[in-house]
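Trainee: I have a model open and would like to learn how to read it. Could we take the features one by one, beginning with charged pairs?

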Amino acid sequence: MHRWTETAGGGAPDGRGHPEPATAPRRPDGFPDPAAVDPAVLAALLARHGWHRRGGPAGRYGRWTPPGPGAWPASLLVPDTAAFPDSEDLLAEALTALARSPEPSARDVLVQLTEPSDEIRWRREVPESAAEAAGAADWAGSEALRSAALRMLLAGSLAVRGKVGHHGARHRRRARAALDDVLVGPAPGGRSLTAFLPVPSGRAVAVTLYEALHAAREAVDYQRATGGTEAFDTAVRAGVSRELTEALVALVRGSEGARIAVDWAPAAGPPEGCPARPEPVEFSPGDLPALGLAAGRYLREEPSVGVRVTGAVVRLRRSAPHGPGVVRLRVLAGAEVAHVRIELDEEAYRIAGQAHLVGLPLRVEGMLESRGGFRRLTGASQVAPVQVDEAERDRLTKSLRENVDFFGEACTGEEA
């Protein structure tokens, strides 16, 4: 089990329709406090993950056994309510048994009890190769699944910040930060993977991704039936984007099909307007042409954006001592991107160089180009340094000294 940031290398807005459930208190060993565990939530999680109730007095307790043949022989005795004198003791024994169980779903149940989370599960259907038949792990397939799932989570987080066909570099820092609390855990065999999105910080991403996946499925069906891609324009309002369609292509390519399922945290209940038990979404290799057409359409049709950017000059480059040059700004305000590249005429380039030397940020107006992922500003005008207070000037000057090797009118190194 890994944090999303550990696997992929600020929180999202709260979910809709339910208050935020608090993280369950933990015992010193890191597991949930039995006194804080709702038996109904534990039973719902066990049933979701395929455990079987094998009887017990109605209204008092149930005996649960793991899924599958040849499963771990021990069973869990789970009270139906917390009202009985021995309920806490039974829950403590059940949690201890789950912690010791080799059953993979036991880990998932404990994660949910520790912090109520919505679950997103991916599964790729891959032909069993000779290597797999011999017991070797399909590392390439496992990596493809992990990479596609992480790209899909990022696409959902980007859509929370804005419904557009192509995000490019916009909002990426905030979108990644909103996924800091997400846990990602693979299942044995490398064909499935589960992400746990804590309700307080991740529900908006889970809801948006659920709606976007269903909208993408409908748009693909429309394209395959009619040959038209206009349904993908409407799907943007549900969160479908170039980033999501490319993540779906990466998920499906090389497989016989893929399935994505969303389950809401039992402790929080379903979000407003969403079904209690959402239907999974499936994509097949036959959907790849439609998804590829959609990705291209989104890239072509997303318009450039007029901006007024303020940023620190971190790199300058021109091929001769005089004439126009290229600068790179670390964006401080005006655009939801980390850096932007700008081609300036000789006078504007001189102003940028002087601002860089004295540690002042630069302000410039222009069009943030979509074709480069919103990383390039064209038509630059109104180039001028911006006055800042002494503390900010000192910080920028320190940054200049640390990056002085990037500065030079005749620099011939890496482009800005």
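Mentor: A salt bridge is counted when a side-chain nitrogen of Lys or Arg lies within 4 Å of a carboxyl oxygen of Asp or Glu. Side chains of opposite charge can pair when their charged atoms come close. Keep in mind that this is a predicted model. One case is Glu143 with Arg146, where the closest N and O atoms are 2.6 Å apart.

Trainee: How many residues apart are Glu143 and Arg146 in helix H6?

Mentor: The general idea comes from the helix itself. An α-helix has 3.6 residues a turn, so residues three or four places apart point the same way. Here Glu143 and Arg146 are 3 residues apart in H6 (residues 139-161), which puts about one helical turn between them. Glu143 is partly exposed at 39% relative accessibility, and Arg146 is partly exposed at 24%.

Trainee: Which parts does the pair of Arg151 and Glu246 tie together?

Mentor: The side chains of Arg151 and Glu246 meet in a salt bridge at 3.8 Å, N to O. Arg151 belongs to helix H6 and Glu246 to helix H10 (residues 242-252), so this pair links parts that are 95 residues apart in sequence. Arg151 has a relative accessible area of 37% and is partly exposed; Glu246, at 26%, is partly exposed too. Some salt bridges share partners: Arg48, Glu119, Arg121 and Asp263 are joined into one network in this way.

Trainee: How many salt bridges does the structure hold?

Mentor: There are 20. Another of them pairs Arg123 with Glu125, with 3.0 Å between the closest N and O atoms. Arg123 is partly exposed, with a relative accessible area of 35%, and the value for Glu125 is 35%, also partly exposed.

Trainee: Next, burial. How many residues of helix H4 are buried?

Mentor: A residue is called buried when its relative accessible area is under 20%. In H4 (residues 104-114), 9 of the 11 residues are buried, and the helix is mostly covered. Among them are Ala106, Val109, Leu110, Val111 and Leu113, but also Asp108 and Gln112.

Trainee: What do the buried residues of H4 pack against?

Mentor: They pack against two helices, H2 and H3 (87-100), and against strands E5 (117-125), E6 (183-186) and E7 (192-198).

Trainee: On to sheets. Which strands stand at the edges of the sheet that holds E2 and E4, and why is one side of each left without a neighbour?

Mentor: Read the strand order, then look for partners. The open sheet has 3 strands in the order E2-E3-E4, with antiparallel pairing. E2 (52-53) and E4 (76-79) are the edge strands; each has a single partner strand, so one side of each lacks a neighbour in the sheet. E2 is joined to E3 (residues 61-65) by 2 bridges, and Arg53 has Trp64 in E3 as its bridge partner. Helix H2 (residues 39-48) packs on this sheet, where it touches E3 and E4, and its direction makes about 135° with that of E4.

Trainee: What is the strand order in the closed barrel?

Mentor: The barrel has 5 strands and runs E10-E11-E12-E14-E13, with mixed pairing. From one strand to the next, the twist averages 50°. E10 (residues 305-317) and E13 (residues 362-369) run antiparallel and are joined by 7 bridges; Val307 stands opposite Gly366 in E13. Helix H12 (residues 346-358) packs on the sheet, and its direction makes about 65° with that of E10.

Definitions and conventions. Residues numbered from 1 in each chain as written. Predicted model: local features only at pLDDT ≥ 70, side-chain atom pairs only at ≥ 80, totals over all residues. Heavy atoms only, no water. Pairing = 2+ DSSP bridges. Helix = DSSP H or I, 4+ residues; strand = E, 2+ residues; numbered from the N terminus. Contact = heavy atoms within 4.5 Å. Axes fitted to C-alpha atoms, helices over the stretch in contact; angles between N-to-C directions. Buried < 20%, exposed > 50% of the residue type's maximum accessible area, 1.4 Å probe, protein only.
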